[in-house]
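Biologist: Could you take me closely through how one pair of helices packs in this model, and then through a small enclosed space elsewhere in the chain?

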Amino acid sequence: MGMMVVIGAVYSKKNSSVGDFYLGGRRLGPVVSAMSAEASDMSSYLLMGLPGLAYLNGCAEVGWTAIGLAIGTYLNWLLVAKRLRVYSQRCRNSITIPDFFSNRYRDDKHVLMGIAAVIILIFFVPYTASGFSACGKLFNQLFGWNYHMAMIISAVIIISYTCLGGFLAASFTDLIQSIVMTSALVVLVIYGVHTAGGLDNVLENAKGIENYLSFTSTRTAEGEAVSFGGLSIISTLAWGLGYFGMPHILLRFMAIDDKNKVKISRRIASVWVVLAMGVAVFIGIIGNALTVNGTVAPLETSSKAETIVLEMATVLSKHSVGAALIAGLIFAGILACTMSTSDSQLLAASSSMSENLLKGVFHIKLSEKQSMIAARAVLLIIAVLGIVLAWDQNSSVFRVVSFAWAGFGATFGPVMLTSLFWKRSNKYGALAGLITGGVMIFVWKFAISKLGGMFAIYELLPAFLCALIAIVVVSLLTKAPEQEIVDEFEAVSAEMKQK
(Lines give C-alpha, C1' and ligand atoms only; values in the text may rest on other atoms or scores of the structure.)
Protein backbone atom coordinates (compact mmCIF):
# COMPACT_ATOMS: atom_id res chain seq x y z
CA MET A 1 0.00 0.00 0.00
CA GLY A 2 2.91 2.28 0.78
CA MET A 3 4.44 1.52 -2.60
CA MET A 4 1.22 2.51 -4.37
CA VAL A 5 1.21 5.91 -2.65
CA VAL A 6 4.84 6.51 -3.68
CA ILE A 7 3.94 5.72 -7.31
CA GLY A 8 1.03 8.15 -7.06
CA ALA A 9 3.37 10.88 -5.82
CA VAL A 10 5.87 10.22 -8.65
CA TYR A 11 3.20 10.39 -11.35
CA SER A 12 1.57 13.48 -9.86
CA LYS A 13 4.31 15.53 -11.53
CA LYS A 14 3.26 14.24 -14.96
CA ASN A 15 -0.30 15.58 -14.80
CA SER A 16 -0.10 18.97 -16.47
CA SER A 17 -3.72 18.94 -17.64
CA VAL A 18 -7.08 17.33 -16.95
CA GLY A 19 -6.56 15.23 -20.08
CA ASP A 20 -3.37 13.82 -18.50
CA PHE A 21 -5.17 13.21 -15.19
CA TYR A 22 -8.03 11.26 -16.77
CA LEU A 23 -6.40 9.64 -19.82
CA GLY A 24 -2.66 9.84 -19.29
CA GLY A 25 -2.10 11.78 -22.51
CA ARG A 26 -2.77 8.56 -24.48
CA ARG A 27 0.70 7.24 -23.63
CA LEU A 28 0.07 3.64 -22.50
CA GLY A 29 2.31 0.97 -24.04
CA PRO A 30 0.94 -2.47 -25.03
CA VAL A 31 1.96 -4.33 -21.87
CA VAL A 32 0.76 -1.66 -19.43
CA SER A 33 -2.50 -1.16 -21.35
CA ALA A 34 -3.20 -4.91 -21.41
CA MET A 35 -2.41 -5.63 -17.78
CA SER A 36 -3.91 -2.44 -16.37
CA ALA A 37 -7.14 -3.13 -18.28
CA GLU A 38 -7.35 -6.69 -16.95
CA ALA A 39 -6.23 -5.82 -13.42
CA SER A 40 -8.86 -3.09 -13.25
CA ASP A 41 -11.36 -5.62 -14.62
CA MET A 42 -10.45 -8.38 -12.16
CA SER A 43 -11.75 -6.80 -8.98
CA SER A 44 -12.06 -8.54 -5.64
CA TYR A 45 -14.26 -11.15 -7.27
CA LEU A 46 -11.12 -12.81 -8.73
CA LEU A 47 -9.78 -13.89 -5.32
CA MET A 48 -13.03 -13.67 -3.36
CA GLY A 49 -16.13 -13.88 -5.57
CA LEU A 50 -15.08 -16.65 -7.99
CA PRO A 51 -13.41 -18.97 -5.43
CA GLY A 52 -16.34 -18.40 -3.03
CA LEU A 53 -18.93 -19.30 -5.66
CA ALA A 54 -16.99 -22.42 -6.71
CA TYR A 55 -16.52 -23.44 -3.06
CA LEU A 56 -20.20 -23.17 -2.18
CA ASN A 57 -22.11 -24.02 -5.37
CA GLY A 58 -19.81 -26.09 -7.54
CA CYS A 59 -18.61 -25.45 -11.08
CA ALA A 60 -21.76 -24.69 -13.09
CA GLU A 61 -22.49 -21.02 -12.42
CA VAL A 62 -18.91 -19.96 -11.82
CA GLY A 63 -17.64 -22.01 -14.77
CA TRP A 64 -20.01 -20.53 -17.33
CA THR A 65 -19.40 -17.08 -15.86
CA ALA A 66 -15.64 -17.47 -16.36
CA ILE A 67 -16.12 -18.76 -19.92
CA GLY A 68 -18.38 -15.82 -20.74
CA LEU A 69 -15.87 -13.35 -19.30
CA ALA A 70 -12.98 -14.92 -21.22
CA ILE A 71 -14.89 -14.71 -24.52
CA GLY A 72 -16.00 -11.16 -23.72
CA THR A 73 -12.43 -10.08 -22.97
CA TYR A 74 -11.14 -11.38 -26.28
CA LEU A 75 -13.98 -9.91 -28.35
CA ASN A 76 -13.69 -6.55 -26.61
CA TRP A 77 -10.00 -6.30 -27.50
CA LEU A 78 -10.63 -7.65 -31.01
CA LEU A 79 -13.62 -5.50 -31.97
CA VAL A 80 -13.61 -2.40 -29.79
CA ALA A 81 -10.08 -1.53 -28.64
CA LYS A 82 -8.44 -0.28 -31.84
CA ARG A 83 -11.55 1.33 -33.30
CA LEU A 84 -12.37 3.19 -30.08
CA ARG A 85 -8.76 4.42 -29.85
CA VAL A 86 -8.97 5.86 -33.35
CA TYR A 87 -12.53 7.16 -33.11
CA SER A 88 -12.20 8.83 -29.70
CA GLN A 89 -9.17 10.86 -30.79
CA ARG A 90 -10.66 11.83 -34.13
CA CYS A 91 -13.95 12.71 -32.43
CA ARG A 92 -12.87 16.03 -30.85
CA ASN A 93 -10.23 14.21 -28.77
CA SER A 94 -12.76 12.73 -26.32
CA ILE A 95 -11.23 11.86 -22.93
CA THR A 96 -14.22 10.15 -21.24
CA ILE A 97 -16.91 7.75 -22.43
CA PRO A 98 -19.75 10.31 -21.99
CA ASP A 99 -17.54 12.75 -23.95
CA PHE A 100 -17.23 10.24 -26.77
CA PHE A 101 -20.97 9.55 -27.00
CA SER A 102 -21.76 13.25 -27.02
CA ASN A 103 -19.10 14.12 -29.59
CA ARG A 104 -19.80 11.09 -31.77
CA TYR A 105 -23.43 12.14 -32.28
CA ARG A 106 -22.81 15.92 -32.12
CA ASP A 107 -25.17 16.23 -29.16
CA ASP A 108 -24.53 19.92 -28.55
CA LYS A 109 -27.13 20.07 -25.77
CA HIS A 110 -25.11 17.40 -23.91
CA VAL A 111 -28.17 15.32 -22.99
CA LEU A 112 -26.34 12.10 -23.88
CA MET A 113 -23.32 13.22 -21.87
CA GLY A 114 -25.42 14.03 -18.80
CA ILE A 115 -27.34 10.74 -18.79
CA ALA A 116 -24.18 8.70 -19.41
CA ALA A 117 -22.42 10.49 -16.54
CA VAL A 118 -25.32 9.84 -14.17
CA ILE A 119 -25.32 6.14 -15.13
CA ILE A 120 -21.61 5.95 -14.30
CA LEU A 121 -22.24 7.44 -10.86
CA ILE A 122 -25.23 5.16 -10.17
CA PHE A 123 -23.35 1.96 -10.89
CA PHE A 124 -19.76 2.84 -9.98
CA VAL A 125 -20.47 3.97 -6.43
CA PRO A 126 -21.75 0.51 -5.32
CA TYR A 127 -19.02 -1.14 -7.44
CA THR A 128 -16.40 0.89 -5.58
CA ALA A 129 -18.15 0.11 -2.30
CA SER A 130 -17.74 -3.63 -2.94
CA GLY A 131 -13.99 -3.05 -3.27
CA PHE A 132 -13.80 -1.13 -0.01
CA SER A 133 -15.81 -3.90 1.65
CA ALA A 134 -13.32 -6.51 0.42
CA CYS A 135 -10.45 -4.49 1.92
CA GLY A 136 -12.30 -4.26 5.24
CA LYS A 137 -12.84 -8.03 5.31
CA LEU A 138 -9.20 -8.61 4.43
CA PHE A 139 -7.71 -6.61 7.30
CA ASN A 140 -10.38 -7.80 9.71
CA GLN A 141 -9.31 -11.37 8.93
CA LEU A 142 -5.58 -10.64 8.86
CA PHE A 143 -5.06 -8.42 11.90
CA GLY A 144 -8.38 -8.68 13.73
CA TRP A 145 -8.95 -4.99 13.06
CA ASN A 146 -12.40 -3.51 13.28
CA TYR A 147 -14.02 -3.96 9.85
CA HIS A 148 -15.10 -0.34 9.53
CA MET A 149 -11.74 1.07 10.58
CA ALA A 150 -9.90 -1.24 8.17
CA MET A 151 -12.23 -0.29 5.32
CA ILE A 152 -11.71 3.43 5.90
CA ILE A 153 -7.91 3.12 6.10
CA SER A 154 -7.87 1.13 2.84
CA ALA A 155 -10.09 3.68 1.15
CA VAL A 156 -7.81 6.52 2.26
CA ILE A 157 -4.77 4.80 0.72
CA ILE A 158 -6.56 4.18 -2.59
CA ILE A 159 -7.85 7.74 -2.67
CA SER A 160 -4.38 9.11 -1.91
CA TYR A 161 -2.47 7.65 -4.84
CA THR A 162 -5.38 8.06 -7.25
CA CYS A 163 -5.83 11.72 -6.33
CA LEU A 164 -2.09 12.32 -6.65
CA GLY A 165 -1.22 10.49 -9.83
CA GLY A 166 -4.47 10.16 -11.76
CA PHE A 167 -4.75 7.79 -14.72
CA LEU A 168 -1.03 7.11 -15.21
CA ALA A 169 -0.57 6.22 -11.55
CA ALA A 170 -3.67 4.00 -11.62
CA SER A 171 -2.44 2.23 -14.77
CA PHE A 172 1.12 1.65 -13.54
CA THR A 173 -0.02 0.48 -10.10
CA ASP A 174 -2.48 -1.85 -11.87
CA LEU A 175 0.46 -3.44 -13.69
CA ILE A 176 2.27 -4.07 -10.40
CA GLN A 177 -0.92 -5.29 -8.77
CA SER A 178 -1.51 -7.77 -11.62
CA ILE A 179 1.92 -9.28 -10.91
CA VAL A 180 1.10 -9.59 -7.20
CA MET A 181 -2.30 -11.11 -8.02
CA THR A 182 -0.69 -13.69 -10.31
CA SER A 183 1.88 -14.62 -7.66
CA ALA A 184 -0.87 -15.05 -5.07
CA LEU A 185 -2.87 -17.35 -7.36
CA VAL A 186 0.16 -19.58 -7.99
CA VAL A 187 1.06 -19.78 -4.30
CA LEU A 188 -2.53 -20.60 -3.31
CA VAL A 189 -2.75 -23.52 -5.70
CA ILE A 190 0.61 -25.01 -4.65
CA TYR A 191 -0.12 -24.63 -0.94
CA GLY A 192 -3.73 -25.75 -1.20
CA VAL A 193 -3.02 -28.90 -3.19
CA HIS A 194 -0.16 -29.83 -0.84
CA THR A 195 -2.27 -29.32 2.30
CA ALA A 196 -5.20 -31.24 0.83
CA GLY A 197 -2.94 -34.27 0.35
CA GLY A 198 -2.27 -33.93 -3.36
CA LEU A 199 -4.15 -33.27 -6.56
CA ASP A 200 -5.79 -36.68 -6.52
CA ASN A 201 -7.38 -35.98 -3.12
CA VAL A 202 -8.71 -32.62 -4.33
CA LEU A 203 -10.30 -34.20 -7.40
CA GLU A 204 -11.64 -37.22 -5.50
CA ASN A 205 -13.30 -34.92 -2.98
CA ALA A 206 -14.93 -32.89 -5.75
CA LYS A 207 -16.13 -36.02 -7.54
CA GLY A 208 -17.58 -37.32 -4.29
CA ILE A 209 -19.94 -34.33 -3.95
CA GLU A 210 -23.08 -34.79 -6.04
CA ASN A 211 -23.06 -32.60 -9.18
CA TYR A 212 -20.21 -30.48 -7.81
CA LEU A 213 -18.15 -30.70 -11.02
CA SER A 214 -21.19 -30.67 -13.29
CA PHE A 215 -21.69 -27.78 -15.71
CA THR A 216 -25.42 -28.54 -16.06
CA SER A 217 -26.35 -28.75 -12.39
CA THR A 218 -25.57 -26.47 -9.48
CA ARG A 219 -25.92 -26.63 -5.72
CA THR A 220 -27.93 -24.39 -3.43
CA ALA A 221 -26.52 -23.01 -0.17
CA GLU A 222 -28.31 -25.91 1.57
CA GLY A 223 -26.42 -28.43 -0.57
CA GLU A 224 -29.33 -29.41 -2.81
CA ALA A 225 -28.66 -30.08 -6.49
CA VAL A 226 -30.71 -28.06 -8.97
CA SER A 227 -30.67 -28.03 -12.77
CA PHE A 228 -28.51 -25.47 -14.57
CA GLY A 229 -29.58 -25.83 -18.17
CA GLY A 230 -29.90 -23.99 -21.49
CA LEU A 231 -31.35 -20.61 -20.53
CA SER A 232 -29.31 -20.40 -17.32
CA ILE A 233 -26.13 -21.15 -19.26
CA ILE A 234 -26.91 -18.54 -21.92
CA SER A 235 -27.72 -15.87 -19.35
CA THR A 236 -24.54 -16.64 -17.38
CA LEU A 237 -22.41 -16.52 -20.53
CA ALA A 238 -23.93 -13.06 -21.01
CA TRP A 239 -21.44 -11.79 -18.39
CA GLY A 240 -19.18 -11.39 -21.41
CA LEU A 241 -21.48 -8.76 -22.89
CA GLY A 242 -20.63 -6.50 -19.97
CA TYR A 243 -17.15 -5.79 -21.31
CA PHE A 244 -18.47 -3.65 -24.17
CA GLY A 245 -19.80 -1.16 -21.62
CA MET A 246 -17.17 -1.05 -18.87
CA PRO A 247 -15.90 2.58 -18.70
CA HIS A 248 -12.74 1.79 -16.71
CA ILE A 249 -11.70 -0.83 -19.31
CA LEU A 250 -12.75 1.21 -22.36
CA LEU A 251 -10.66 4.13 -21.09
CA ARG A 252 -7.56 1.91 -21.35
CA PHE A 253 -8.34 1.40 -25.03
CA MET A 254 -8.62 5.16 -25.53
CA ALA A 255 -5.25 5.68 -23.81
CA ILE A 256 -3.16 3.26 -25.92
CA ASP A 257 -0.20 5.08 -27.49
CA ASP A 258 -0.17 3.18 -30.81
CA LYS A 259 -3.29 1.65 -32.35
CA ASN A 260 -1.14 -0.87 -34.25
CA LYS A 261 0.08 -2.44 -31.00
CA VAL A 262 -3.41 -3.45 -29.90
CA LYS A 263 -2.85 -7.01 -31.17
CA ILE A 264 0.01 -7.47 -28.67
CA SER A 265 -2.17 -6.17 -25.85
CA ARG A 266 -5.03 -8.46 -26.90
CA ARG A 267 -2.88 -11.57 -26.72
CA ILE A 268 -1.42 -10.68 -23.34
CA ALA A 269 -4.81 -9.78 -21.87
CA SER A 270 -6.66 -12.83 -23.20
CA VAL A 271 -4.09 -15.37 -22.01
CA TRP A 272 -3.82 -13.80 -18.57
CA VAL A 273 -7.59 -13.64 -18.04
CA VAL A 274 -8.13 -17.29 -18.99
CA LEU A 275 -5.36 -18.52 -16.69
CA ALA A 276 -6.28 -16.23 -13.78
CA MET A 277 -9.96 -17.12 -13.74
CA GLY A 278 -9.30 -20.83 -14.24
CA VAL A 279 -6.94 -20.86 -11.27
CA ALA A 280 -9.38 -18.81 -9.14
CA VAL A 281 -12.17 -21.35 -9.73
CA PHE A 282 -9.79 -24.22 -8.95
CA ILE A 283 -8.86 -22.54 -5.66
CA GLY A 284 -12.52 -22.74 -4.63
CA ILE A 285 -12.49 -26.47 -5.38
CA ILE A 286 -9.30 -26.88 -3.35
CA GLY A 287 -10.90 -24.94 -0.49
CA ASN A 288 -13.77 -27.41 -0.39
CA ALA A 289 -11.30 -30.27 0.01
CA LEU A 290 -9.57 -28.40 2.84
CA THR A 291 -12.91 -28.04 4.63
CA VAL A 292 -13.55 -31.78 4.33
CA ASN A 293 -10.14 -32.69 5.83
CA GLY A 294 -10.63 -30.19 8.67
CA THR A 295 -7.96 -27.67 7.66
CA VAL A 296 -10.55 -24.92 7.11
CA ALA A 297 -13.82 -24.51 9.03
CA PRO A 298 -17.06 -24.84 6.99
CA LEU A 299 -18.23 -21.63 5.31
CA GLU A 300 -21.97 -21.97 4.84
CA THR A 301 -23.17 -18.64 3.40
CA SER A 302 -22.16 -16.81 0.23
CA SER A 303 -20.65 -13.94 2.23
CA LYS A 304 -18.55 -16.32 4.33
CA ALA A 305 -17.63 -18.51 1.34
CA GLU A 306 -15.99 -15.47 -0.24
CA THR A 307 -13.43 -15.54 2.59
CA ILE A 308 -12.15 -19.02 1.64
CA VAL A 309 -8.86 -17.58 0.34
CA LEU A 310 -8.48 -15.55 3.55
CA GLU A 311 -9.08 -18.69 5.61
CA MET A 312 -6.52 -20.66 3.61
CA ALA A 313 -3.91 -17.93 4.00
CA THR A 314 -4.62 -17.59 7.74
CA VAL A 315 -4.02 -21.31 8.29
CA LEU A 316 -0.82 -21.13 6.23
CA SER A 317 0.49 -18.16 8.23
CA LYS A 318 0.57 -20.19 11.45
CA HIS A 319 3.04 -22.81 10.16
CA SER A 320 6.30 -20.85 10.27
CA VAL A 321 7.83 -17.44 9.62
CA GLY A 322 8.48 -18.39 5.98
CA ALA A 323 4.91 -19.62 5.58
CA ALA A 324 3.65 -16.39 7.14
CA LEU A 325 5.55 -14.39 4.53
CA ILE A 326 3.99 -16.47 1.77
CA ALA A 327 0.58 -15.95 3.34
CA GLY A 328 1.31 -12.24 3.32
CA LEU A 329 1.77 -12.44 -0.45
CA ILE A 330 -1.68 -14.04 -0.73
CA PHE A 331 -3.27 -11.29 1.35
CA ALA A 332 -1.42 -8.72 -0.76
CA GLY A 333 -2.87 -10.39 -3.87
CA ILE A 334 -6.42 -9.89 -2.58
CA LEU A 335 -5.59 -6.29 -1.74
CA ALA A 336 -4.13 -5.79 -5.22
CA CYS A 337 -7.32 -7.16 -6.85
CA THR A 338 -9.40 -4.68 -4.94
CA MET A 339 -7.17 -1.63 -5.31
CA SER A 340 -6.61 -2.12 -9.04
CA THR A 341 -10.34 -1.88 -9.72
CA SER A 342 -11.29 0.72 -7.13
CA ASP A 343 -8.76 3.30 -8.36
CA SER A 344 -9.97 2.98 -11.96
CA GLN A 345 -13.61 3.21 -10.93
CA LEU A 346 -12.98 6.28 -8.80
CA LEU A 347 -11.27 8.01 -11.73
CA ALA A 348 -14.08 7.16 -14.16
CA ALA A 349 -16.75 8.33 -11.72
CA SER A 350 -14.81 11.47 -10.90
CA SER A 351 -14.39 12.37 -14.57
CA SER A 352 -18.11 11.90 -15.14
CA MET A 353 -18.98 14.32 -12.37
CA SER A 354 -16.35 17.02 -12.87
CA GLU A 355 -15.79 16.94 -16.65
CA ASN A 356 -19.16 15.80 -17.94
CA LEU A 357 -21.71 17.11 -15.44
CA LEU A 358 -20.12 20.25 -13.97
CA LYS A 359 -18.37 21.50 -17.11
CA GLY A 360 -20.23 19.74 -19.92
CA VAL A 361 -23.87 19.84 -18.78
CA PHE A 362 -23.97 22.75 -16.32
CA HIS A 363 -21.34 24.80 -18.22
CA ILE A 364 -19.42 25.79 -15.10
CA LYS A 365 -16.31 27.66 -16.22
CA LEU A 366 -13.16 26.28 -14.62
CA SER A 367 -9.51 27.01 -15.26
CA GLU A 368 -7.08 24.11 -15.72
CA LYS A 369 -6.01 24.36 -12.06
CA GLN A 370 -9.61 24.60 -10.85
CA SER A 371 -10.53 21.60 -13.01
CA MET A 372 -7.81 19.53 -11.33
CA ILE A 373 -9.01 20.59 -7.89
CA ALA A 374 -12.62 19.77 -8.84
CA ALA A 375 -11.56 16.37 -10.20
CA ARG A 376 -9.84 15.45 -6.95
CA ALA A 377 -12.66 16.83 -4.77
CA VAL A 378 -15.28 14.85 -6.66
CA LEU A 379 -13.14 11.72 -6.39
CA LEU A 380 -13.07 12.19 -2.62
CA ILE A 381 -16.86 12.66 -2.39
CA ILE A 382 -17.52 9.52 -4.43
CA ALA A 383 -15.15 7.54 -2.22
CA VAL A 384 -17.02 8.69 0.89
CA LEU A 385 -20.31 7.53 -0.65
CA GLY A 386 -18.66 4.19 -1.37
CA ILE A 387 -17.61 3.86 2.27
CA VAL A 388 -21.19 4.55 3.40
CA LEU A 389 -22.60 1.87 1.08
CA ALA A 390 -19.95 -0.65 2.18
CA TRP A 391 -20.80 -0.23 5.86
CA ASP A 392 -22.65 -3.58 5.97
CA GLN A 393 -19.99 -6.20 6.57
CA ASN A 394 -22.25 -9.06 5.43
CA SER A 395 -22.83 -7.83 1.88
CA SER A 396 -21.75 -10.22 -0.90
CA VAL A 397 -18.94 -8.91 -3.11
CA PHE A 398 -19.93 -11.14 -6.01
CA ARG A 399 -23.60 -10.09 -6.00
CA VAL A 400 -22.85 -6.36 -5.82
CA VAL A 401 -20.32 -6.63 -8.66
CA SER A 402 -22.81 -8.73 -10.65
CA PHE A 403 -25.49 -6.01 -10.55
CA ALA A 404 -23.12 -3.12 -11.34
CA TRP A 405 -21.56 -5.14 -14.18
CA ALA A 406 -25.01 -5.74 -15.66
CA GLY A 407 -25.82 -2.05 -15.35
CA PHE A 408 -22.84 -0.93 -17.42
CA GLY A 409 -23.12 -3.77 -19.90
CA ALA A 410 -26.78 -3.05 -20.69
CA THR A 411 -26.51 0.74 -20.87
CA PHE A 412 -23.11 1.50 -22.43
CA GLY A 413 -22.51 -1.81 -24.25
CA PRO A 414 -25.17 -1.55 -27.00
CA VAL A 415 -24.52 2.18 -27.48
CA MET A 416 -20.76 1.62 -27.74
CA LEU A 417 -21.11 -1.14 -30.35
CA THR A 418 -23.62 0.73 -32.50
CA SER A 419 -21.67 4.01 -32.27
CA LEU A 420 -18.53 2.25 -33.49
CA PHE A 421 -20.01 -0.02 -36.16
CA TRP A 422 -23.38 1.28 -37.36
CA LYS A 423 -23.28 4.39 -39.53
CA ARG A 424 -27.06 4.90 -39.42
CA SER A 425 -27.27 5.11 -35.61
CA ASN A 426 -28.11 8.56 -34.28
CA LYS A 427 -28.28 10.46 -31.00
CA TYR A 428 -31.96 9.65 -30.49
CA GLY A 429 -31.25 5.94 -30.79
CA ALA A 430 -28.27 6.22 -28.44
CA LEU A 431 -30.40 8.07 -25.90
CA ALA A 432 -33.13 5.43 -26.16
CA GLY A 433 -30.51 2.71 -25.65
CA LEU A 434 -29.05 4.28 -22.50
CA ILE A 435 -32.47 4.82 -20.91
CA THR A 436 -33.94 1.45 -21.94
CA GLY A 437 -30.90 -0.48 -20.75
CA GLY A 438 -30.81 1.34 -17.41
CA VAL A 439 -34.53 0.95 -16.72
CA MET A 440 -34.64 -2.72 -17.76
CA ILE A 441 -31.77 -3.63 -15.42
CA PHE A 442 -33.84 -2.54 -12.42
CA VAL A 443 -37.18 -3.81 -13.76
CA TRP A 444 -35.81 -7.26 -14.57
CA LYS A 445 -33.73 -7.59 -11.41
CA PHE A 446 -36.38 -6.50 -8.91
CA ALA A 447 -39.65 -7.40 -10.67
CA ILE A 448 -39.62 -9.74 -13.67
CA SER A 449 -36.98 -12.17 -12.35
CA LYS A 450 -39.14 -12.68 -9.25
CA LEU A 451 -41.65 -14.52 -11.45
CA GLY A 452 -39.17 -17.40 -11.57
CA GLY A 453 -38.85 -20.06 -14.24
CA MET A 454 -37.59 -18.76 -17.58
CA PHE A 455 -37.58 -15.21 -16.17
CA ALA A 456 -35.08 -16.01 -13.41
CA ILE A 457 -32.03 -15.21 -15.55
CA TYR A 458 -29.16 -12.76 -15.24
CA GLU A 459 -30.60 -9.32 -15.92
CA LEU A 460 -27.76 -8.30 -18.24
CA LEU A 461 -28.95 -10.42 -21.18
CA PRO A 462 -32.58 -9.21 -21.49
CA ALA A 463 -31.64 -5.60 -20.69
CA PHE A 464 -28.82 -5.63 -23.29
CA LEU A 465 -31.15 -6.99 -25.98
CA CYS A 466 -33.90 -4.48 -25.13
CA ALA A 467 -31.41 -1.60 -25.32
CA LEU A 468 -30.06 -2.83 -28.66
CA ILE A 469 -33.57 -3.11 -30.11
CA ALA A 470 -34.41 0.39 -28.83
CA ILE A 471 -31.32 1.86 -30.53
CA VAL A 472 -32.12 0.24 -33.88
CA VAL A 473 -35.85 1.05 -33.86
CA VAL A 474 -35.52 4.66 -32.70
CA SER A 475 -32.58 5.38 -35.04
CA LEU A 476 -34.56 4.10 -38.04
CA LEU A 477 -37.69 6.03 -37.04
CA THR A 478 -35.88 9.35 -36.63
CA LYS A 479 -33.77 11.56 -38.87
CA ALA A 480 -30.58 10.11 -40.33
CA PRO A 481 -27.31 11.50 -38.94
CA GLU A 482 -25.83 14.62 -40.52
CA GLN A 483 -23.31 14.28 -43.34
CA GLU A 484 -20.51 15.51 -41.06
CA ILE A 485 -21.10 12.54 -38.74
CA VAL A 486 -21.25 10.08 -41.65
CA ASP A 487 -18.01 11.47 -43.11
CA GLU A 488 -16.27 11.09 -39.77
CA PHE A 489 -17.50 7.50 -39.46
CA GLU A 490 -16.15 6.67 -42.91
CA ALA A 491 -12.84 8.41 -42.16
CA VAL A 492 -12.43 6.20 -39.09
CA SER A 493 -13.23 3.10 -41.16
CA ALA A 494 -10.61 4.14 -43.71
CA GLU A 495 -7.99 4.72 -40.99
CA MET A 496 -8.72 1.30 -39.49
CA LYS A 497 -7.65 -0.30 -42.76
CA GLN A 498 -4.29 1.44 -42.71
CA LYS A 499 -1.30 -0.23 -41.05
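Modeller: The crossing of H3 and H12 is right-handed, that is, the near helix is turned clockwise from the far one by less than a right angle. The model is predicted, so local features need pLDDT of at least 70 and side-chain atom pairs pLDDT 80 or more, while totals for chains, interfaces and linings use all residues. Residues are numbered from 1 along each chain as its sequence is written, and side-chain values use heavy atoms, without hydrogens or water.

Helix H3 spans residues 30–41 and helix H12 residues 262–292 (DSSP runs of H or I, at least four residues, numbered from the N terminus). Their axes lie 8 Å apart at an angle of about 35 degrees (lines fitted to C-alpha atoms over the stretch in contact, with angles from 0 to 180 degrees between N-to-C directions). On the H3 side, the contact (heavy atoms within 4.5 Å) is made by Pro30, Val31, Ser33, Ala34, Met35 and Glu38, and these meet Ile264, Ser265, Ile268, Ala269, Trp272 and Val273 of H12. Of these contact residues, nine are nonpolar, two polar and one charged (Ala, Val, Leu, Ile, Met, Phe, Trp, Tyr, Cys and Pro count as nonpolar, Asp, Glu, Lys and Arg as charged, the others as polar).

As for the enclosed space, the second largest cavity (1 Å grid points where a 1.4 Å probe fits but cannot get out, lined by residues with an atom within 4 Å of a point) is lined by Thr96, Ile97, Pro98, Ile120, Pro247, Leu251, Ala348, Ser351 and Ser352. H15 (321–361) is among the helices that supply at least two of these residues, and its three are the largest share. The lining holds six nonpolar, three polar and no charged residues.

Technical notes: On a 1 Å grid over the protein atoms alone, a cavity is a set of points where a 1.4 Å probe fits but cannot get out, and a pocket is an open set with protein on both sides within 12 Å along at least five of seven lines; lining residues have an atom within 4 Å of a point. Helices (H or I, at least four residues) and strands (E, at least two) are DSSP runs, numbered from the N terminus.
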